[in-house]
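Reader: I am in my first year, and I have a structure to read. Can you take my questions one by one?
Author: Yes. Here it is.

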Amino acid sequence: MLYQGDAIHVERQQGEIAVLTLDLKAESVNKLSSGVIAELTEAVGEIEKAQGLKGLIVVSAKEAFIVGADITEFHAMFAKDEAFLVEMNQRVHALFNRLEDLPFPTVTALNGLALGGGCELSLTTDFRVMADSAQIGLPETKLGIVPGWGGCVRLPRLIGADNAIEWICGGTQNDAATALKVGAVDAVVPLEALAAAARDLIDKANAGDFDYRARRVEKGSPLKLNPVEQMMAFETAKGYVAGKAGPHYPAPVEAIRVIQKGAGEGRERAQAIEARAFAKLAKTDVCYNLVGLFLNDQAVKKKAKGYAREVDPIEQAAVLGAGIMGGGIAYQSAYKGTPILMKDIREEAIELGLKEARKLLVKQLERGKLSQEKLAEVLGNIRPTLSYGDFGHVDLVVEAVVENPKIKAAVLKEVESTVGERAVLASNTSTISIDRLAADLSRPENFCGMHFFNPVHRMPLVEVIRGSKTSDTAVAATVAYARQMGKTPIVVNDCPGFLVNRILFPYFGGFSGLVEHGADFERVDKLMERFGWPMGPAYLLDVVGIDTAVHASHVMAEGFPDRMAHEGKSAIELMFDSERLGQKNGKGFYTYTEDKKGKPVKQHDDEAHRLVESVVRESRELADDEIVARLMVPLCLETVRCLEDGIVGTPAEADMALIYGIGFPPFRGGALRYIDAMGTAAFVALAERLAGELGALYAPTERLKAMAERGERFYPDDNVPSDDNPSA
Ligand SMILES: NC(=O)c1ccc[n+]([C@@H]2O[C@H](COP(=O)([O-])OP(=O)(O)OC[C@H]3O[C@@H](n4cnc5c(N)ncnc54)[C@H](O)[C@@H]3O)[C@@H](O)[C@H]2O)c1
């Protein structure tokens with residue numbers, strides 16, 4: 001044994017080959033935490049000292065190779081100053097360079113997922129051999145940073161600037177065939193042949209069949225591109241990538257700049273450029289929030305996994321209603337492999353539901369993402385029916401009939417009598433209280449809400465709503481089913497609007513108030529889109545459906561009259577009265593025409609503006625940031641209330657629900673992170689000023705005010721250690 005640590009050990013194989021194994025104790029995956037990097041430094045030292053070595057093979061004893069750096073360390077680490085971060089990366093560069101410079105051939109055996117730092121570590125060795133099932137990539141730009149351990153330097157030299165830009169800016173996970181094609185790896189073999197293939201490469205390199213020294217020269221030299229090629233590769237890519245990433249995500253374009261600036265340099269100078277760019281980006285709010293988002297996502301998924309572990313998987317599901325939602329639910333369930341019965345009372349509805357599912361599948365078939373066999377299998381998983389005949393064997397039924405409490409209650413009672421005692425019933429209602437729907441059921445413990453978002457196949461969130469009588473098992477089964485469907489379930493308690501709509505409607509309330517103060521709704525939309533929302537509030541209302549929004553706003557006003565009730569007609573109600581229902585009938589705040597592919601295209605509509613003029617009570621000059629505040633503050637305050645009222649368990653779940661459910665700008669991290677970023681005291685002061693003018697919708701809660709006084713945040717764990725306690 002040359003070295004033995006908690007994460008790394010190095011042995012001699014047949015005396016002359018060192019095998020460095022990554023096997024992080026007490027963890028299911030290998031991560032390059034600061035502790036592991038410290039061990040790697042020691043291990044490399046031992047390898048350098050060892051006599052008579054003729055090669056090094058880097059392997060993993062886990063299912064994945066290395067999933068990357070330890071992201072849980074990032075917030076604390078990135079809180080340190082830029083110079084510290086540059087130095088920190090330079091230290092890793094120096095270590096990786098020592099690995100790269102060992103006086104014998106080196107190879108990495110990529111047995112599974114190799115991401116971020118894991119991919120970068122493998123780039124230091126002369127060769128990479130990859131299992132055909134493994135994946136490799138550099139996802140750093142998704143966290144708002146650039147690869148910082150040499151990825152921006154070695155990858156373009158290995159696979160060409162254009163391929164490297166694609167991998168790094170897209171943050172993609174690439175399969176073995178792709179990696180081999182571009183030259184990121186040297187051989188792809190079945191997993192069981194990996195060790196032998198790695199050894200074979202070393203032997204061939206030692207025998208002179210492969211020139212590993214030439215490899216090193218190539219990896220350490222400037223990029224071989226003439227000025228015209230550089231221009232083509234970098235300038236075109238910058239324009240394209242900037243357009244795709246949008247103004248709020250600087251990392252992908254910065255990655256291109258790093259590759260470009262380093263292109264004419266040797267290894268060390270190019271690495272210094274990378275380190276500086278990394279440190280600069282690591283200090284941005286965008287990076288802070290994207291890292292927070294990753295951690296929240298992990299936390300939310302872990303919680304869901306915990307629930308699902310308590311129950312058996314759902315083997316047979318059913319959905320009532322083959323409409324927009326029912327059809328979508330059937331498709332998604334079938335696509336992800338859970339057979340589903342789709343019941344409606346109308347034959348035409350079933351036909352339509354199936355047609356929609358087929359349309360989605362054919363699109364994937366045409367894009368080459370799905371085989372004919374898989375298409376047939378998915379469709380075979382949907383069993384349409386007009387009767388309850390086969391309901392005796394279903395594990396879980398999702399009710400997705402029309403949004404009418406009487407009809408829903410009757411349908412639920414009816415289905416309850418046809419299913420087995422243990423079957424779970426879940427309603428996809430958007431507004432009706434789960435307790436109210438449970439009132440007539442004989443087994444209310446088996447009932448909960450399962451709120452999907454439209455379009456089901458695209459929207460990642462499912463709210464699982466626990467009524468006061470819902471059992472833990474029913475919640476767990478519903479969470480398990482949502483996971484089987486590839487969704488991110490978040491468990492919330494029952495209240496009008498549940499979590500997401502309860503938070504969204506105060507935002508619409510803010511919008512109505514703005515229109516009444518003379519704000520042009522198209523300007524409001526543009527501002528909010530610039531702020532980072534996928535669409536502004538007027539456009540969103542058109543997409544949701546004006547009728548749906550009016551109906552839901554009445555439910556919300558009834559539930560929370562102090563802040564959500566409204567005097568006189570709102571602009572939204574006015575649209576409804578004029579039969580402008582939004583996209584569904586081609587006109588709302590905008591008019592809609594169809595493009596060649598049948599997609600609705602939004603257009604300015606004078607008539608809508610004329611209509612809205614009648615609700616203007618007082619024309620005000622409104623500054624851009626005032627408009628943003630008047631929309632964001634009610635949304636954030638309602639999120640705070642949901643947390644205080646125990647509707648949602650944690651800040652992480654609240655923020656993720658907003659990002660996954662309504663497209664809250666991800667780079668801002670969510671409503672509670674938004675308050676943290678502004679500072680609780682500054683946020684409360686802003687809310688109080690607006691409340692003085694505009695009333696209860698803007699009034700901060702007592703607890704929030706107390707938090708502000710104490711200087712507390714929603715994410716206290718981000719309070720980072722001071723610089724005299726370095727973690728890297
Ligand atoms: N559309 C959305 O954006 C959205 C989003 C989230 C939740 N929801 C909720 O999902 C539910 C369904 O909404 P939708 O938009 O799909 O409505 P929809 O009108 O498109 O579909 C409802 C379907 O239910 C069928 N139906 C009526 N009575 C039935 C019965 N007794 N048994 C079986 N089927 C019956 C109808 O024939 C129709 O096909 C509603 O509760 C709605 O609030 C809708």
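Reader: What does helix H4 lie across?
Author: This is a predicted model. In it, H4 (residues 117-124) lies across strands S3, S4, S5 and S7. Its direction runs at about 150 degrees to S5. Angles over 145 degrees count as roughly antiparallel. H4 and S5 are therefore roughly antiparallel.

Reader: How do you know that S5 and S7 pair?
Author: Two strands pair if there are at least two bridges between them. S5 (residues 106-110) and S7 (residues 127-131) are joined by 4 bridges. So they pair, by that cut-off. They run parallel. Within this pair, Ala-109 stands opposite Val-129.

Reader: What makes S1 and S10 edge strands?
Author: Start with the sheet. It is open, and its order is S1-S2-S3-S4-S5-S7-S10. The pairing is mixed. S1 and S10 each have a single partner strand, so one side of each lacks a neighbour in the sheet.

Reader: Why is S17 called largely enclosed?
Author: Buried means under 20% relative accessible area. In S17 (residues 461-466), 5 of the 6 residues are buried, so the rest of the structure largely encloses this strand.

Reader: Which strands are joined to S17, and which way do they run?
Author: S16 (residues 447-452) is joined to S17 by 4 bridges, and these two run antiparallel. His-451 stands opposite Glu-463 there. S18 (residues 488-493) is joined to S17 by 6 bridges, and that pair runs parallel. Leu-461 stands opposite Thr-488.

Reader: Why are H27 and H30 called roughly perpendicular?
Author: Look at the crossing angle. The axes of H27 (residues 624-644) and H30 (residues 680-694) cross at roughly 105 degrees. The range for roughly perpendicular is 65 to 115 degrees. The two helices therefore earn the name. Their axes come within 10 Å.

Reader: Which residues meet there, and of what class?
Author: Among them, Ala-629, Val-633 and Leu-637 of H27 meet residues of H30 including Phe-683, Leu-686 and Leu-690. The contact has 9 nonpolar, no polar and 3 charged residues.

Reader: What makes Phe-391 stand out in the largest nonpolar core?
Author: That core has 110 residues, and Phe-391 and Phe-589 touch the most other members. H27 gives the most to this core, with 12 residues. Contact means heavy atoms within 4.5 Å. Beyond its neighbours within four places in sequence, Phe-391 is in contact with residues including Leu-320, Leu-341, Val-397 and Val-415. A second, separate core has 84 residues, Val-44 and Ile-159 among them.

Technical notes. Residues are numbered from 1 along each chain as its sequence is written. This is a predicted model: local features need pLDDT of at least 70, side-chain atom pairs count only at pLDDT 80 or more; totals for chains, interfaces and linings use all residues. Side-chain values use heavy atoms; hydrogens and water are left out. Axes are lines fitted to C-alpha atoms, for helices over the stretch in contact, and angles run from 0 to 180 degrees between N-to-C directions. Angles under 35 degrees count as roughly parallel, over 145 as roughly antiparallel, 65 to 115 as roughly perpendicular and the rest as oblique. Ala, Val, Leu, Ile, Met, Phe, Trp, Tyr, Cys and Pro count as nonpolar, Asp, Glu, Lys and Arg as charged, and the others, Gly among them, as polar. A nonpolar core is a set of buried Ala, Val, Leu, Ile, Met, Phe, Trp, Tyr and Cys residues joined through side-chain atoms within 4.5 Å. Buried means under 20% relative accessible area, exposed over 50%, partly exposed in between (1.4 Å probe, protein chains only).
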